[in-house]
Amino acid sequence: MLADLGNIDLDDDIADDREERTRDIRAHFSGLRHAMTMGTKRRVRDCNICKQRGRTDATLVSDVTTLRRHMEAKHKDVYLTWCRKNDFESKLPRDVQRRKSARAAAEAKLVQTSLDNHLAEKERVVPYSHAAFKEAAMEWLLETDQSDVGNWHWGLTLSIESAAAFISTAAL
Ligand SMILES: [Zn+2]
């Protein structure tokens, strides 16, 4: 049972009570007061709608999540209508969760897009292949004097180095 201790001058446990982001709480619940519940003094608020309807269980522990859960469970339509009229983003748990999921999905999509771009970038790098290596070697043979054994050796070394460069670029 809740026993009203009256509207004493209290510190508010909803620290941002006067702030914009708890405007929905102030619109739908009474001011903070103390009440005894199961032998403990608690900070509570009354649901304005439940009180108007004469309900005996209109008193709730003054905790933003508890209060918004109550709105979601009992007065969702009233709450959402109020949000629209008062240009307030719904803080009902399901809406907060939905926005959170949407943000996570958008972030995941962004990461995927950037990964796709990165992979597309990589595909443009000519990968090493035996054919490419052979082609490079043939080009060198045609462009140089192959009768000189010393040049042949030097050119082949260059081709091997360029092949190695291909491999390391493709592996990035
Ligand atoms: Zn209510």
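The protein contains seven helices and four strands, as seen in a model that is predicted. Read from the N terminus, these elements follow the order β-α-β-β-α-β-α-α-α-α-α. Of the 172 residues of the protein, 12% count as buried, and among the contacts between residues at least 6 apart in sequence, 46% join residues at least 24 apart.

Helix H3, which spans residues 64-74, was examined for the placement of its buried and exposed residues. In this helix Leu67, Arg68, His70 and Met71 are buried. When H3 is viewed down its axis, these buried residues fall within an arc of 150 degrees, and therefore they line one face of the helix. The face of H3 that is turned away from this buried side carries Thr65, Thr66 and Ala73, which are exposed. The cover over the buried residues of H3 is provided by several elements, including the helices H1 (23-28), H4 (76-85) and H5 (93-123), together with the strands S3 (40-46) and S4 (59-61).

Two of the buried residues of H3, Leu67 and Met71, also belong to the largest nonpolar core of the protein, a set of seven residues whose other members are Ile25, Phe29, Cys47, Ala58 and Tyr79. In soluble globular proteins, nonpolar side chains tend to be buried together. Tyrosine 79, itself a member of this core, is in contact with His28, Met71 and Leu92 when its neighbours within four places in sequence are left aside. Met71 is thus described in three ways, as a buried residue of H3, as a member of the largest nonpolar core and as a contact of tyrosine 79.

Conventions:
Residues are numbered from 1 along each chain as its sequence is written. This is a predicted model: local features need pLDDT of at least 70, side-chain atom pairs count only at pLDDT 80 or more; totals for chains, interfaces and linings use all residues. A residue is buried if 20 or more other C-beta atoms lie within 10 Å of its own, exposed if 12 or fewer, and partly exposed in between; C-beta atoms are placed from the backbone. The arc is that of the directions from the helix axis to the C-beta atoms. Two residues are in contact if their C-beta atoms, placed from the backbone, lie within 7 Å. A nonpolar core is a set of buried Ala, Val, Leu, Ile, Met, Phe, Trp, Tyr and Cys residues joined through C-beta atoms within 7 Å.
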